[in-house]
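Grab a coffee and open the viewer. Below are a few exercises to work through by eye, each with a solution to check yourself against.

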Amino acid sequence: MNITFDDRSFNLTYCTNIYSGVSYFDLIDNLKKYAFPVIKSVSCNKKFGIGIHLSKSVTYDILKDDNILHFKQWLFDNNMYVCGINGFPYFNFQSKCIKDGVYFPDWSGVKRYNYTSDLIYILNTILPLGV
């Protein structure tokens, strides 16, 4: 949501990294459960940017079937857009041993490169024009 303060324009966004989820459907459920109330209370029916964490498993789910197109339409229908994707860590952000494995797989292997490429593709596909 674009707001103005002292003649400067800012985007007010909401980051959903803290909510766990291992599937595309978990992502949608978390947005409904946690992001909707925040957005409805502050957005005044304006488009609202969200930040999301996409683990490898959620990324895989979004790229299956027509999920990416469904997600893009769902965001549009709910007056949201993704303004940023957190692809770090590779696994679920809420894993018990996140600190031990947060750097793996690292950039020395093809897994991290492929995962990052998938995240770029997703963001490029779902971003509305002009954002």
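The exercises go from the overall layout to single residues, and keep in mind that this is a predicted model.

**Exercise 1. Work out how many helices and strands the chain has, and in what order they come.**

Start by counting: the chain holds five helices and five strands. Next, walk along from the N terminus, and you should read off β-β-β-α-β-α-α-β-α-α. To round off the overview, look at burial and contacts. Of the 131 residues in the chain, 37% are buried. Among contacts with a separation of 6 or more, 74% are between residues 24 or more positions apart.

**Exercise 2. Find the strand order in the open sheet of three strands, and say which strands stand at the edges.**

Step one is the order, which is E3-E4-E5, with parallel pairing. Step two is the edges: E3 (13-15) and E5 (80-86) each have a single partner strand, so each has one side with no neighbour in the sheet. From one strand to the next, the twist averages 25°.

Step three is to zoom in on one pairing. E3 and E4 (residues 48-53) run parallel and are joined by three bridges. Thr13 sits opposite Gly49 in E4, while Cys15 has Gly51 as its bridge partner in that strand.

**Exercise 3. Decide whether the residues of E4 are buried or exposed, and check both faces.**

A residue counts as buried if its relative accessible area is under 20%. By that cut-off, six of the six residues in E4 are buried. Now split the strand by face. In a regular strand, side chains alternate between the two faces of the sheet. On one side of E4 you get Phe48, Ile50 and Ile52, and on the other Gly49, Gly51 and His53, all buried.

Then look for helices lying across the sheet. H3 (residues 67-77) lies across E4 and E5, at about 125° to E5. H5 (residues 110-126) also lies across E4 and E5, running at about 165° to E5.

**Exercise 4. Work out how H3 is oriented relative to H1 and to H2, and which residues meet.**

Two packed helices are described by the angle between their axes and the distance between the axes.

- Take H1 (residues 24-42) and H3: their axes come within 12 Å and cross at roughly 10°. Angles under 35 degrees count as roughly parallel, so H1 and H3 are roughly parallel to each other. From H1, Tyr24, Leu27, Ile28, Leu31, Lys32 and Phe36 meet Asn67, His70, Phe71 and Trp74 of H3. That contact has seven nonpolar, two polar and one charged residues.
- Now take H2 and H3: here the axes come within 6 Å and cross at roughly 95°. The range 65 to 115 counts as roughly perpendicular, so that is the description for H2 and H3. Asp61, Ile62 and Leu63 in H2 meet Asn67, Ile68 and Phe71 in H3. By class, the residues are four nonpolar, one polar and one charged.

**Exercise 5. Find the residues with the most contacts inside the largest nonpolar core, and say which elements feed it.**

The core has 26 residues, and the best-connected ones inside it are Leu27, Ile50, Leu54, Ile62, Phe71, Trp74 and Leu75. Next, ask where the core residues come from: H1, E4, H2 (56-63), H3, E5 and H5 each give two or more. H1 gives the largest share, seven residues.

Finish by clicking on Leu54. Setting aside neighbours within four places in sequence, Leu54 is in contact with residues including Leu27, Ile62, Ile85, Tyr115, Leu119 and Ile122.

**Exercise 6. Compare three loop residues: where do Ser55, Asp6 and Asp65 lie, and is each buried or exposed?**

1. Ser55 lies in the loop between E4 and H2. Its relative accessibility is 2%, so Ser55 counts as buried. Its C-alpha atom is 8.6 Å from that of Ser23, 32 residues apart along the chain.
2. Asp6 lies in the loop between E1 (2-5) and E2 (8-11). With a relative accessible area of 62%, Asp6 is exposed. Its phi is positive, near 50°, in a residue other than glycine.
3. Asp65 is in the loop between H2 and H3. At 70% relative accessible area, Asp65 is exposed. Asp65 has a positive phi of about 50°, although it is not a glycine.

Terms used
Residues are numbered from 1 along each chain as its sequence is written. This is a predicted model: local features need pLDDT of at least 70, side-chain atom pairs count only at pLDDT 80 or more; totals for chains, interfaces and linings use all residues. Side-chain values use heavy atoms; hydrogens and water are left out. Two strands pair if DSSP finds at least two bridges between them. Helices (H or I, at least four residues) and strands (E, at least two) are DSSP runs, numbered from the N terminus. Axes are lines fitted to C-alpha atoms, for helices over the stretch in contact, and angles run from 0 to 180 degrees between N-to-C directions. Contact means heavy atoms within 4.5 Å. Angles under 35 degrees count as roughly parallel, over 145 as roughly antiparallel, 65 to 115 as roughly perpendicular and the rest as oblique. Ala, Val, Leu, Ile, Met, Phe, Trp, Tyr, Cys and Pro count as nonpolar, Asp, Glu, Lys and Arg as charged, and the others, Gly among them, as polar. A nonpolar core is a set of buried Ala, Val, Leu, Ile, Met, Phe, Trp, Tyr and Cys residues joined through side-chain atoms within 4.5 Å. Buried means under 20% relative accessible area, exposed over 50%, partly exposed in between (1.4 Å probe, protein chains only).
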